[in-house]
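Student: I'd like a close look at one part of this model, the place where two helices pack together. Please take me through the contact first, then outward to what surrounds it.

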Amino acid sequence: MDGDYVVGGVFSIHYDMHTVKYNYTTMPEPLRCTGSINSRELRFSRAMIFAIEEINSSNLLPGSTLGYHIYDSCASVLMAARLAFQLANGQDPEFSFGNDNNCSQSGMVMAIVGESGSTPSISMSRVLGPFNIPQVSHFATCACLSNKKQYPTFFRTIPSDQFQAKALAKLVKHFGWTWIGAVRSDSDYGNNGMASFLDAAHREGICVEYSESFYRNNPRSKIQRVAEVIRRSTATVIVAFASSGDMRILLEELSREPSPPRQWLGSEGWVTDSQLLRFSFCAGAIGIGIQQAVIPGLRDFLLDLPLAKVSASPVLTEFWESAVPGESLCDGTEDIQTLQSPYTDTSQLRITNMVYKAVYAIAHAIHNAVCQKTNSTRECDKLTRIESKQVLTELKKVSFSQNGYDVSFDANGDPVATYDVVNWQRRASGSIELVTVGHYNASLPVGQEFQISRNLTWMEGSTQVPASVCTDSCPAGTRKVLQRGKPICCYDCVPCPEGEISNATDSPDCFPCSDEFWPNAERKTCLPKPVEFLSIHEVLGIILAAFSIGGAFLAIITAAVFFHHRSSPIVRANNSELSFLLLFSVTLCFLCSLTFMGAPSEWSCMLRHTAFGITFVLCISCVLGKTIVVLMAFKATLPGRNIMKWFGPLQQRMTVVSFTFIQVVICIIWLVVSPPFPIKNLTTYKERIILECALGSAIGFWAVLGSIGLLAFFCFVLAVLARKLPDNFNEAKLITFSMLIFCAVWITFIPAYISSPGKFTVAVEIFAILASSFGLILCIFAPKCYIILFKPEKNTKKHLMNKNES
């Protein structure tokens, strides 16, 4: 149809083109389209006519009309390029003999709507660019077309695949799929779209098991190979970035031999095509679709096909003949109102709305080029000569709203990217319907782009999201270790090493707990380490405390026995004063072991070591005094010797006080310079904390032990020297045994102390204190108490002096 300003249209009304064989001897046959008609593309072309007629009846171009020239490209690059040249050349101008003798612009193409595919659109844009003829595509989504240096006159009302690929990757991530298969059309649309998707998927941590390309004109063997790859794959999710025509060929091949259930995720190119809903094994497919729209009056226009109009158009005639099923011959009486075809289905207007908006965008650009504002109104002069370059300039600036949908272009000629999320859902009747289940808006902040508001159905009618992973998620407590030679989504789950945790699934690393924490058995979280010390409430502590208190009571009872029989020969003969002092010091030795129990504190650490050192020096000093007394007493019985005057009671007291004072001074210096203090031992055991006392100054500690050891050794030597003295009851023998036990205990204590772990270190120290204390009281006082209590006849001076009655 001619008009004052002509708009071109190119659609893929047929999917195949007659193959021309050149023999170079005859004129080549003209290019022509063959195959079945694509009723969806026919609807696109009719929507363009509807929009132009609607514009002509509106006030958008008052006094002027739009005309159109619509062509079928057969989805062929060759045909698309030929049509681009034909539209660019235009027709011979028609002259009118008006007053101004201006030429009519009838037949000159101001802009072109189309093509549906990206590859044909690229070939057209390369031809139209040098002529400055704007091209507005409704369905060419290749991101490459946003390059204004290569395609300066290209615009589109459908978003770029750059946004669709990103949306598909986020959709895959949203449902937790990390192991997918990928198929694509072997075209600019499929190859560029899939490249963008794979790049976005890689950034989202998604792995691709395979990526196969195909084209509808490929040999069947190639299509079969792609189908076989899908059947053998382990990925249950397939992302298909393909055109509708290509996808139909692949799905037909897959339908011949059913494959394991697969969850399809599709691009706009095929997932919203109602003609593909017949492939029931794809039920549950989910994908990205252009926003659904409503175009008032379009359905009535599409159904307005009187016989005269059909007969006048070869395309409509072909459609009519192919659309009436079961009829061997069309007679023109068929009712198109009852026809179930993508042509008449206006319930899912998506790409059709893109055609509608493209026509209106061109009309607004022409309006802005030819209409001038006068007194707040627009007046348009249809005789004003404009060129396509002017329309191109105005097209870059258009911004309007039509039927509630905003139309504008950015610097790359792209619109704002908004999509519907669609789902193939099975009806109760068994048929499949296309349902909008959510929306995607690329202009929203990260994480808020998706709004999925309705329940989805998945493959085989499941309501549960299918899993598609190379390896099941690693639970908390493990970490991922990549499998050699496989993608990053294929890994082994290795338990965290000792002392480390992972508290999230699919953790790439394990993390050590802080010093005072330790992992639980599952190694999912860090728990406070149990604190260990020798408690008086545990069995070992109770036993040691019982022996400590029992030893103290034993010493007190012994002192009571000695005090009650203090006038008896055996008590008087063994230096009762030193004996009572020794019993007192032994009692303190027993009780000082209690200071080693319980949680160490600053005071208990200082008390336990100093009390131990002082009481044991006091004890050994008393034993040493008794040993010296025995030796002096024996020497005093020899004629002419009065040695006891040099070691009388005063000297004995001074000996005990002197040695004890020296030890007290050592302890005071130790406490002042570097006293013992409580610490948390984190090194002996990794999984628990040992509360213990640090020595502070090691010199002070070994000085205290050294003084005790020196006294014990000196006492032991003297006792050995006095063990064979001729008295019937020689206390030196008892002292020798007690010192022998004392030295043996403390010599064996050293390796036992070093090798004992944790609280058992303290237990060994307490055991050494108790053992040496019991050795002293049992060896020195037990025989005497036995005679006092059970053998009183031996408690006589005569018996003690070992004098026979004869």
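Tutor: Start with the handedness. Helix 2 and helix 3 cross in the right-handed sense. Keep in mind that this is a predicted model. The two helix axes come within 8 Å, and their crossing angle is roughly 30°. Angles under 35 degrees count as roughly parallel, so helix 2 is roughly parallel to helix 3.

Now the residues that touch. Helix 2 supplies Val77, Ala80, Ala81, Ala84, Phe85 and Ala88. Helix 3 answers with Thr119, Pro120, Ser123, Met124, Val127 and Leu128.

Next, the sheet. It is open and has five strands, in the order 4-1-5-6-7. The pairing is parallel. Strand 4 (66–72) and strand 7 are the edges, and each pairs on one side only. From one strand to the next, the twist averages 25°.

Helix 2 (residues 77–89) packs on this sheet. There helix 2 touches strand 1 (5–11), strand 4 and strand 5. The direction of helix 2 makes about 155° with that of strand 4. Angles over 145 degrees count as roughly antiparallel, so helix 2 runs roughly antiparallel to strand 4. Helix 3 (residues 118–128) lies across strand 1, strand 5, strand 6 and strand 7. Helix 3 runs at about 165° to strand 6. By the same cut-off, that pair is therefore roughly antiparallel too.

Look at one strand pair in detail. Strand 5 (residues 109–113) and strand 6 (residues 135–137) pair in the parallel sense, over two bridges. Ile112 has Gln135 of strand 6 as its bridge partner.

Now move out to the charged side chains. The whole structure holds 19 salt bridges. One of them involves edge strand 7. Here Arg156 meets Asp414, with the closest N and O atoms 2.7 Å apart. Arg156 sits in strand 7 (residues 154–156). Asp414 sits in the loop between strand 16 (405–408) and strand 17 (418–426). The two are 258 residues apart, so to speak of distant parts of the chain being linked is fair. Both Asp414 and Arg156 are buried.

A second bridge pairs Lys170 with Glu449, at 3.9 Å from N to O. Lys170 belongs to helix 4 (residues 161–174). Glu449 lies in the loop between strand 18 (432–441) and strand 19 (450–452). These two are 279 residues apart, again a link between distant parts of the chain. Are they buried or exposed? The cut-off for buried is under 20% relative accessible area. Lys170 is buried because its value is 17%, and Glu449 is buried because its value is 6%.

A third bridge joins Arg225 to Glu212, with 2.6 Å between the closest N and O atoms. Arg225 is in helix 6 (residues 220–232) and Glu212 is in strand 9 (residues 207–214), so the bridge ties together parts 13 residues apart in sequence. Here the burial is mixed. Arg225 is partly exposed, at 40% relative accessibility. Glu212 is buried, with a relative accessible area of 12%.

One last point on these bridges. Lys170, Glu204 and Glu449 form one network, joined by salt bridges that share partners.

Key
Residues numbered from 1 in each chain as written. Predicted model: local features only at pLDDT ≥ 70, side-chain atom pairs only at ≥ 80, totals over all residues. Heavy atoms only, no water. Salt bridge = Lys/Arg side-chain N within 4 Å of Asp/Glu carboxyl O. Helix = DSSP H or I, 4+ residues; strand = E, 2+ residues; numbered from the N terminus. Buried < 20%, exposed > 50% of the residue type's maximum accessible area, 1.4 Å probe, protein only. Pairing = 2+ DSSP bridges. Axes fitted to C-alpha atoms, helices over the stretch in contact; angles between N-to-C directions. Contact = heavy atoms within 4.5 Å. Parallel < 35°, antiparallel > 145°, perpendicular 65-115°, else oblique. Left-handed = near helix turned anticlockwise from the far one by under 90°.
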